[in-house]
Amino acid sequence: MAHDHHDTGHRHGHRHGHAHGTDTDIDWGELGPHLEAQAELLAPVYERAMAWLAQEVTEPGLIVDAGSGPGVVSCLFAEAFPGARVVAVDSAGPLLERARARAARQGVADRFDTVTGELPGVLDELQYPADLLWASRSLHHLGDQRSALAAFAGRLTPGGTLAILEGGLPSRFLPRDIGIGRPGLQARLDVLEEEWFARMRADLPGSVAETEDWPALLTAAGLTRTRTRSFLLDLPAPAGDRARAYAAASLSRLREGAAEALDPEDRATLDRLLDPSDPASVHHRPDLFVLGAYTVHAAVRPA
């Protein structure tokens, strides 16, 4: 269940960088390197979100990253809250292996644990309630989001905080008119992403349609003091190598997954954008940037 952030861009927070064809199954283990590189690029966003949370979450003893993926964010939590123990929870064992290796490299392994299993039930295996439970784009991979939020809230200590990263805006890498193909390519790709996301949600076991009013859902889970803040990732042109690799990986996954749904002209444009030998590709063009908005909703369990 990795905390994926979908990022070929990001509409309701779902760009997970997965394939987006008719098959909505996701091989999280295979996505490990992509998820890791993506989260590293987004580290400034997570760090600002943690500083915002720290205004109310003071000296947490236990932080749980629910749907942690390869543990990039889990380790950032360990650094941001040096007095906390951090538990990374995910259903993908290979991703948690990466998380443990990262914690060791960063010198936080002595207060870092992992738990393998499916959310939300696996949270019952935690020995202690959490002072802060973080779920970054893992909730929308659970069929019944309302029920899952109630389960998340139930694992908090009184006065503990639940923070979810869901929503935001589609990421952008390119100007509207890129000089090849028909202008507005990324907006059309957003539509394909939305359709894929709707299918992915509908295919989940026990899927329940839910109005995505996250503060209202947090309140319904028995939490109070809801607050919301969005954080910008703004890497202006000319992009560096990591940003180019991120854009290329995101567009490549879209190209693979949505090939049948793309019209021939857009498919040809994407092929040029992904061809390292083409001067108009994302590997070389001087106008490539990365711009995205990431929304975090937080609420507190009454003491």
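A crossing of two helices is left-handed if the near helix is turned anticlockwise from the far one by less than a right angle. In the predicted model described here, the crossing of helices H1 and H8 is left-handed. H1 spans residues 32–41 and H8 spans residues 241–257; their axes come within 10 Å and cross at roughly 135 degrees. This angle makes H1 oblique to H8. On the H1 side, the contact is made by His34, Gln38, Glu40 and Leu41. The residues contributed by H8 are Arg242, Ala243, Tyr246, Ala249, Ser250 and Arg253. By class, the contact of H1 with H8 comprises four nonpolar, three polar and three charged residues.

A second helix pair is formed by H6, residues 185–203, and H9, whose axes lie 11 Å apart at an angle of about 110 degrees. Angles of 65 to 115 degrees count as roughly perpendicular, and H6 and H9 are therefore roughly perpendicular to each other. Leu185, Arg188 and Leu189 of H6 meet Asp266, Thr269, Leu270 and Leu273 of H9 in this contact. Four of the residues in the contact of H6 with H9 are nonpolar, one is polar and two are charged.

Helix H9 covers residues 264–273, and the loop between H9 and strand E8 (290–300) contains Val282. The relative accessible area of Val282 is 0%. Burial requires a value under 20%, so Val282 is buried despite its position in a loop. With neighbours within four places in sequence left aside, Val282 is in contact with Arg244, Ala248, Leu251, Leu273 and Leu288. Leu273 thus takes part in the contact of H9 with H6 and also touches Val282. Val282 is separated from Pro205 by 77 residues in sequence, and the C-alpha to C-alpha distance between them is 37 Å.

The largest nonpolar core of the model has 59 residues. Within this core, the residues with the most contacts are Tyr46, Phe77 and Trp134. Helix H2, residues 43–54, supplies the largest share of the core, with seven residues. When residues up to four places away in sequence are not counted, Phe77 touches Met50, Ile63, Val86, Leu132 and Trp134. Phe77 and Trp134, both listed among the residues with the most contacts in the core, are therefore also in contact with each other. Another core, of 28 residues, lies apart from the largest one and includes Leu62, Val115, Leu133 and Ala221.

Conventions: Residues numbered from 1 in each chain as written. Predicted model: local features only at pLDDT ≥ 70, side-chain atom pairs only at ≥ 80, totals over all residues. Heavy atoms only, no water. Axes fitted to C-alpha atoms, helices over the stretch in contact; angles between N-to-C directions. Helix = DSSP H or I, 4+ residues; strand = E, 2+ residues; numbered from the N terminus. Parallel < 35°, antiparallel > 145°, perpendicular 65-115°, else oblique. Contact = heavy atoms within 4.5 Å. Nonpolar A, V, L, I, M, F, W, Y, C, P; charged D, E, K, R; others polar. Core = buried A, V, L, I, M, F, W, Y, C linked by side-chain atoms within 4.5 Å. Buried < 20%, exposed > 50% of the residue type's maximum accessible area, 1.4 Å probe, protein only.
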